[in-house]
Amino acid sequence: MGSHLREVFFLVGEGDVVLWSDASESPVRLPDTRARWEAIWSRRERIVEIAHSHPIGPIAFSREDETTMRALVTALGRPVLFSVVAPDGMIRRVEPVDEPGAGEDRRARLVEDEPWWTRLLRLASGMQETSRTTDLARAVAAPSEIATKEQ
Ligand SMILES: [Zn+2]
């Protein structure tokens, strides 16, 4: 697989269990497939969150994502949590069933504490470790820290 960048799609259930996944062959597109719709439909009672990656960004929902989200909540008949995982972070938004009013807050929010599966989603998408993850790893492994604790 190496550094082959591609969009990856996860269906996530209760307890952050990954129910199903698939991937495109492109870093900027995730074309609809019959298999994906069937996977969503057959797991519709268990889906908590629908996530996909943008391996080269942006950390935002695309116009195509918006259309797909509308179609999905209309088909499922209930609000669904959607997320986009990019190299530098993750955003989430609940898509309501009804076409939201002008005053309604539909802004996506940056996720501070990412679930465990975002790492898997990034790896499957061919993304590099984020600078944030690298900084964290360095902080944890910093020899001075360890030396201080041993004294
Ligand atoms: Zn997208």
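## Basis and overall architecture

The expected span of a helix is taken here as 1.5 Å times one less than its number of residues. Helix α2 agrees with this value: the element has 14 residues and reaches 20 Å from its first C-alpha to its last, close to the 20 Å expected at 1.5 Å a residue.

The structure is a predicted model. The protein chain contains 5 helices and 6 strands, arranged from the N terminus in the order β-β-α-β-α-β-β-β-α-α-α. Of its 151 residues, 20% count as buried. Among contacts in the chain with a separation of 6 or more, 58% are made by residues 24 or more positions apart.

## Confidence of the model

The mean pLDDT of the protein chain is 85, and 79% of the residues score at least 70. Confidence is highest in β3, at 98, and lowest in helix α5 (residues 143-150), at a mean of 48. Over residues 145-151 pLDDT stays under 50, and for this stretch the model has 0 contacts beyond four places in sequence.

## The sheet

The strands form an open sheet of 6 strands with mixed pairing, in the order β2-β1-β3-β4-β5-β6. Strands β2 and β6 (109-110) stand at the edges with a single partner strand each, so one side of each is left without a neighbour in the sheet.

At one edge, β1 and β2 pair in the antiparallel sense over 5 bridges, with Leu11 standing opposite Trp20 in β2. Strands β3 and β4 run parallel and are joined by 5 bridges; here Ile50 stands opposite Phe82 in β4. Strand β4 is largely enclosed by the rest of the structure, because 6 of its 7 residues are buried. At the other edge, β5 and β6 run antiparallel and are joined by 2 bridges, and Arg92 has Arg109 in β6 as its bridge partner.

## Helices on the sheet

Helix α2 lies across β3, β4 and β5, and runs at about 150° to β4. Helix α3 also packs on the sheet, where it touches β1, β2, β3, β4 and β5; its direction makes about 155° with that of β1.

The buried residues of α3 (residues 117-124) are Thr118, Leu121, Arg122 and Ala124. Viewed down the helix axis, these residues fall within an arc of 165°, so they line one face of α3. They pack against β1, β2, β3, β4 (80-86) and β5 (89-95).

Each of these two helices is followed by a glycine with positive phi. After α2 comes Gly77, with phi near 75°, and after α3 comes Gly126, with phi near 80°.

## The β1-β2 hairpin

The hairpin of β1 and β2 has 5 residues between the strands, and within the hairpin Gly15 takes a positive phi near 70°. Asp16 lies in the loop between β1 (8-12) and β2 (18-23). The phi of Asp16 is near 60°, a positive value in a residue other than glycine. Most residues other than glycine have a negative phi. Asp16 has 12 other C-beta atoms within 10 Å and is therefore exposed, the cut-off for that class being 12 or fewer.

## The loop between β3 and α2

The peptide bond from Gly57 to Pro58 is cis, with omega near 0°. Most peptide bonds are trans. Pro58 is found in the loop between β3 (49-53) and α2 (63-76).

Ile59 lies in the loop between β3 and α2 as well. With 15 C-beta neighbours inside 10 Å, Ile59 counts as partly exposed, since a residue is buried if 20 or more lie within that distance and exposed if 12 or fewer do. Not counting residues up to four places away in sequence, Ile59 touches His54, Val84, Ala86, Asp88, Gly89 and Ile91. Ile59 and Met90 are 31 residues apart in sequence, and their C-alpha atoms are 6.7 Å apart in space.

Notes
Residues numbered from 1 in each chain as written. Predicted model: local features only at pLDDT ≥ 70, side-chain atom pairs only at ≥ 80, totals over all residues. Helix = DSSP H or I, 4+ residues; strand = E, 2+ residues; numbered from the N terminus. Contact = placed C-beta atoms within 7 Å. Pairing = 2+ DSSP bridges. Arc of directions from axis to C-beta. Axes fitted to C-alpha atoms, helices over the stretch in contact; angles between N-to-C directions. pLDDT = per-residue confidence, 0-100.
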